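The following paragraphs offer a guided reading of a structural model. The reader is invited to consult the sequence and the coordinates alongside the text.

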Amino acid sequence: MKFFLKIFIFVLPLSGAYAEGQKSAGLPQMDISTFPSQLFWLIITFTALYLFIWKFVIPRLSTTIEERKDKISNDINDAENLNSEASKILENYDDKMNSASLESNEIVSSSKATMNEYLDKLKKDNEIKINAMITESEKKIHQQKQQSEQEIKKATIDTIKSIVSKYVESVPSDDEISKKLN
Amino acid sequence: MAADNPIDPIHQFEISKIAEMQIAGIDISFTNSSLFMVFAIAATMTLFILGLSKRSIIPNRMQMLSELSYNFIANMLRDQVGDQGRAYFPFIFSLFMFIFFCNFIGLIPYTFTVTSHLVVTFAFAGLIFLAVTIIGFMKNGLGYLRIFYPSGIPIFLAPLIVPIEIISYLSKPISLSVRLCANMLAGHSILKIFAGFIVMLGFLGFAPLIFLVVLYALETLIAALQAYIFTILTCIYLNDALHPDH
C-alpha cells in the first residue's frame, strides 16, 4: 500500500490544480463543514444496522445454527446407538455361531464315539462267536479223528483176523491182535 | 463537474447535498455520503432478510451467506477474545458488515465510498477506543494500567517502556482510522487516475485498461481485507481490555 500512497501523494498537487476554481480546493476529507452531517447520518444508519443485527439477525441465526447443531448431534447419537446395537447383534450372532459349531462338534464326536463303541462291540461279539465256532470245529475234528482212528484200528483188526483165519485154525482174539499191533 | 475534469481523482470523494437539513443551526443535510450509508445498511439488511426468510436446517444460498458471515465474525471474536467477548458480538458483527458493504459499494463506478472519509473511520475508531478504555477500567479497575507496564520487564526499563506503551495505546484509534481511510482513498484515487488515462490515451488506452483490471482485482481484495483488519484489530483491543495481563 505504501507504493500507492506515494503515487497518491505525487498526484495530490495535480488534483489540487484541477480542483481550482471549484467550491473547495484540496481534499474533501478536510472540509470540516461536512463533518456534522456525516457523523449525524453515520450515527443514525449504524444504530439502525446495530439494532437490526442485535434484535433480528443474531437471535434467528443463532437459533438456526443451534438447531442444526442439535440435529446433527442427535443424528450422530442415533447413528452411534444403532451402530452399537448392530455390533451387539453381530456379537450375539457370533456367540450363537460359536456355540452351535461347538455343539455340532460335540454331536459329531459323540456320535463317532458311539459308532466306534458299537463297532468294537460288534467286533468282540464276532470274535467270541468265531472263537467258539473254531473250538467247536476243533472238537469235532478231534472226535472225527479219534473215531476214524478207532475205525481204522477196528478195520485193521478185522482185516488181520480175516487174513489170519484163512491160514491159521485158531484165530487170536481182538485183544491179542491189538497188543501185537501196538 | 466530472465532465469538466474527467481525470480529477479527488472528485469522487466530494460530498454533495441531496436534501438540506439543519438542527439548531448545525448543517446535517442528507448528502451522497448519507445515501451510501443507507445503501450499505440496506444491502446488509437485504442479505439477512433474504437469508433468514426461509430458515431451514439445510440452508439455501442466501442463508448460507448470512450464516457464513455470522460464523466468520463469531469465530474471530471467540479466537481473539474468548467467551467474554460474546456481549460485544452484535457491535463487532454490525461493524464488519457496515465497513464491508461500504467498501464494496464504493468499488462500483460513480458511487461514493463512505469509508474513504477520515471522519467516518475516526468516529468508529474513537468510539472503539473510548469503549475499550471504559471496558478495561470497568473490568479491571486501576489494574487496567498494567497494560502500560508489561510483566517481565525490569524496573529500570520502566521509564522507557511506559511512555512508549502510552503513546502506542493513544495512537491506536489514529492508526486504526487512518489505515482504513487511506487505503480506500488511495486505492480509489489510483483507479480513477488510470481510468482517466484510458480516456486520454484513446487507442493506446488498452495498456492502462489492463492495469486497471488488475488493480480493480487488488482493490476488491483490499476492500474485504480492510474490513477484516478493522474488525480483528477491534477484537484485539477488546481482548487487551478484558485480559490486560496477556
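Which residues does Thr113(B) touch, not counting residues up to four places away in sequence? The model is a predicted one, and in it Thr113(B) touches Cys102(B), Gly106(B), Met184(B) and His188(B). The place of Thr113(B) is in the loop between H3 and helix H4 (118–140) of chain B. Although Thr113(B) sits in a loop, this residue is buried, since 24 other C-beta atoms lie within 10 Å, where 20 or more suffice for a residue to count as buried. The C-alpha atom of Thr113(B) is separated by 7.4 Å from that of Phe36(B), and the two residues are 77 apart along the chain.

The surroundings of this residue lead to chain B as a whole. Chain B contains 7 helices and 4 strands, and the pattern read along its sequence is β-β-β-β-α-α-α-α-α-α-α. Its C-alpha atoms fill a box of roughly 70 × 50 × 45 Å along the principal axes. Of the 246 residues in chain B, 36% are buried. When contacts in chain B between residues at least 6 apart in sequence are considered, 62% of them join residues at least 24 apart.

Two helices of chain B may be set side by side. Helix H2 (residues 61–80) of chain B has 20 residues, and the distance of 28 Å from its first C-alpha to its last is close to the 28 Å expected at 1.5 Å a residue. Its buried residues are Gln63(B), Ser66(B), Ser69(B), Tyr70(B), Ile73(B), Ala74(B) and Leu77(B). Seen down the axis of H2(B), these buried residues fall within an arc of 135 degrees, and therefore they line one face of the helix. They pack against H2 of chain A, and also against helix H1 (32–53), helix H3 (89–106) and helix H7 (206–242) of chain B. The other side of H2(B) carries the exposed residues Arg61(B), Met64(B), Leu68(B), Asn75(B) and Asp79(B). Just after H2(B), Gly82(B) adopts a positive phi of about 95 degrees.

Helix H5 (residues 158–170) of chain B has 13 residues, which should span 18 Å at 1.5 Å a residue; its end C-alpha atoms are 18 Å apart, in agreement with that value. The number of buried residues in H5(B) is 0 out of 13, so this helix lies largely in the open.

The packing of H2(B) against H2 of chain A turns attention to the interface. Here 40 residues of chain A are in contact with 46 residues of chain B. On the side of chain A that touches chain B, helix H1 (2–18) and helix H2 (35–167) of chain A each supply at least two residues. The largest share, 25 residues, comes from H2(A). By character, the residues on this side of chain A divide into 27 nonpolar, 9 polar and 4 charged.

Within chain A, H2(A) also meets another helix. The axes of H2(A) and helix H3 (residues 174–181) of chain A come within 10 Å and cross at roughly 110 degrees. Because of this angle, H2(A) is roughly perpendicular to H3(A). Thr156(A), Ile157(A), Ile160(A) and Lys161(A) are the residues of H2(A) at this contact, and they meet Asp174(A), Ile177(A), Ser178(A) and Leu181(A) of H3(A). The residues of this contact comprise 4 nonpolar, 2 polar and 2 charged.

Key: Residues are numbered from 1 along each chain as its sequence is written. Chains are lettered from A and ligands numbered from 1 in the order in which they are written. This is a predicted model: local features need pLDDT of at least 70, side-chain atom pairs count only at pLDDT 80 or more; totals for chains, interfaces and linings use all residues. Two residues are in contact if their C-beta atoms, placed from the backbone, lie within 7 Å. Ala, Val, Leu, Ile, Met, Phe, Trp, Tyr, Cys and Pro count as nonpolar, Asp, Glu, Lys and Arg as charged, and the others, Gly among them, as polar. The expected span of a helix is 1.5 Å times one less than its number of residues. A residue is buried if 20 or more other C-beta atoms lie within 10 Å of its own, exposed if 12 or fewer, and partly exposed in between; C-beta atoms are placed from the backbone. The arc is that of the directions from the helix axis to the C-beta atoms. Axes are lines fitted to C-alpha atoms, for helices over the stretch in contact, and angles run from 0 to 180 degrees between N-to-C directions. Angles under 35 degrees count as roughly parallel, over 145 as roughly antiparallel, 65 to 115 as roughly perpendicular and the rest as oblique.
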